[in-house]
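Good morning, and thank you for making the time. I would like to walk you through a structure that is new to most of us, going from an annotation in its record to the places where the annotated residues sit.

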Amino acid sequence: MPLQNIDPTTTIAWKKLTEHFKETRHTHLKNLFSSDAQRAETFTLRWNDFLVDYSKNRITSKTTRLLLALAQEVQLKDAIQKYFEGDAINETEGRAVLHTALRAKKTDTVLVNGANVIPEVYKVKEHIKSFTKAIISGESTGYTGKPFTDVVNIGIGGSDLGPAMVTEALKFYKNHLNVHFVSNVDGDHVHEVLKGLNPETTLFVIVSKTFTTQETLSNATTIKKWFLDNGGEQTDIAKHFAAVSTNTAKIKEFGISAKNVFPMWDWVGGRFSLWSAVGLSIALAVGYENFDSMLVGANEMDEHFKTTDFKDNIPVVLALLSVWYNNFYGADTEAIIPYTQYLSRFSAYLQQGFMESNGKSMDRNGHRVEHETGTILWGEPGTNSQHAFFQLMHQGTKLIPTDFIGYKESLHGDKDHHNKLMANFFAQTEALMNGKTAETVEQELLEKNISQDEIKKLVPFKIFEGNKPTTTFLIDKLTPKSLGALIAMYEHKIFVQGVIWNVFSFDQWGVELGKQLATAILKDIENSEITDHDGSTLQLLQYFKS
Ligand code: F6P
């Protein structure tokens, strides 16, 4: 069954939220805290080793009541059921959306077109396990009998960002294998990676759901040539290349041995695929057990999302907050600031999830929406980001709801550093909320013996308005399991946003036009004649070729 088709702006809750916004838009968070001693507790969710404090958001109990009513009116419960049960909710491609089945329990049943997909999922998991174990232990070797030292993941988009982000995030748990990523069609990327590698000890994993992506096939072809030019024979490809795809026929054409082929399924979207064999590089880097723990964490978050009342449901609450800011406050962007260097690729990874999924302007009727949809997502780890763009967050004109992700324990256990890191973590959300008044600024300057004239001049520049919304995630420790839960949490937030905005979150037609034009323009570059283009493109092509 398809998802229901409800324009959120026609709901009673939306109208009430519009009124409520007019009444409360200027309320300062500071006042909300001073008038309610229970506020922090009221707006905090605790689940497993997660504490989610969303009390520093511009909401009252009435706001959450109305947002929850909106979720009811757009039939979110029904949508969640269809999502988990494998209904073809990716309507424009006629597919189910079942990345959740990849981390389901062995005893679960998930039907796609009447067939239970779980046995097949577990068969592939067993294959990932035996393949990665053999490579890591040195039982499988390269063509000269030496154990593997390096792995190169060749893929782009969801076939790169997820494995690259997680490999970095779980670096602490890594084994001896060095994992590299080649994604860009820019030849300098692949040649730079190959520069330091030994073909005798390098394993190449080609990841492409479709096995038709220009970037990935170009890089795979270049790498295969490099391998053959540097000592490898055609027959050695079987030992050094593995592939993950739905397109097994194309993999065969490329010459990859059947035992190194990992299938995936069209009911897994590229940007949600790291849980499948697309995560092979992750399992190679940190071992199968850690990879599986990540899946367990994600599965626990799935259960939470599927079964918890909306008011206590972390992904639902996060999505509702996002709708509140995006559609009522007009906030275009959201930031994610992890206070751990391990998550340095986290927002780049989530950008694809959020922006490829909900960057849509057609509703489920094929009509242009009249409300805002997908938010722009960005971020960098703290404390680095504090010294880069926090100025704008504190004193700029834009409203940027921000997620702060921090851990109670650091992985290397350096208490001194961790206390400093976390002091910054807490200080930033407090400063963003409270700001600094003119009186405080004046007082501080007086204490520095600055003249009255100078104080008068300086005060406006040193005031912080505050009232900047943040949500704080305090998690015990960065483990494969908690990372799995964190990623799944954001996946479900994306889903809920899409349900409310009434868009199709699981296709990505918007990426096609550029691909089509690039194919045509490549001919213009390679042939002597340039076909017809607009004046600017024509001029640029002529200049490039000259
Ligand atoms: O960017 C469009 C897209 O289709 C993504 O959704 C996908 O993750 C990426 O290209 C790579 O596709 P494939 O895995 O088929 O090579």
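Before I turn to the record, please keep in mind that UniProt annotations may be inferred rather than shown by experiment, and also that what you see here is a predicted model.

With that said, the unreviewed UniProt entry places the feature "active site" at Glu-356, His-387 and Lys-515. These positions span 160 residues in sequence, and the farthest two C-alpha atoms are 36.8 Å apart, so they do not all gather at one spot.

Where, then, does each of them lie? Glu-356 is among the buried residues of helix α15, a helix that is mostly covered, with 10 of its 13 residues buried. The buried residues of α15 pack against α7, β10, β11 and α20. The helix runs over residues 346-358, and since its 13 residues should span 18 Å at 1.5 Å a residue, the 18 Å between its end C-alpha atoms agrees with that expectation.

His-387, by contrast, is found in the loop between β11 and α16, and it counts as exposed because it has 9 C-beta neighbours inside 10 Å. Lys-515 belongs to helix α21, residues 512-526, and with 11 other C-beta atoms within 10 Å it is exposed.

Let me finish with the ligand, which is surrounded by 14 residues, the closest being Gly-157, Gly-158, Ser-208, Thr-213 and Gly-270. Sorted by class, that shell consists of nine polar, three charged and two nonpolar residues.

Definitions and conventions. Residues numbered from 1 in each chain as written. Predicted model: local features only at pLDDT ≥ 70, side-chain atom pairs only at ≥ 80, totals over all residues. Near = placed C-beta within 6 Å. Nonpolar A, V, L, I, M, F, W, Y, C, P; charged D, E, K, R; others polar. Helix = DSSP H or I, 4+ residues; strand = E, 2+ residues; numbered from the N terminus. Expected span 1.5 Å × (residues − 1). Buried ≥ 20, exposed ≤ 12 C-beta atoms within 10 Å, placed from the backbone. Contact = placed C-beta atoms within 7 Å.
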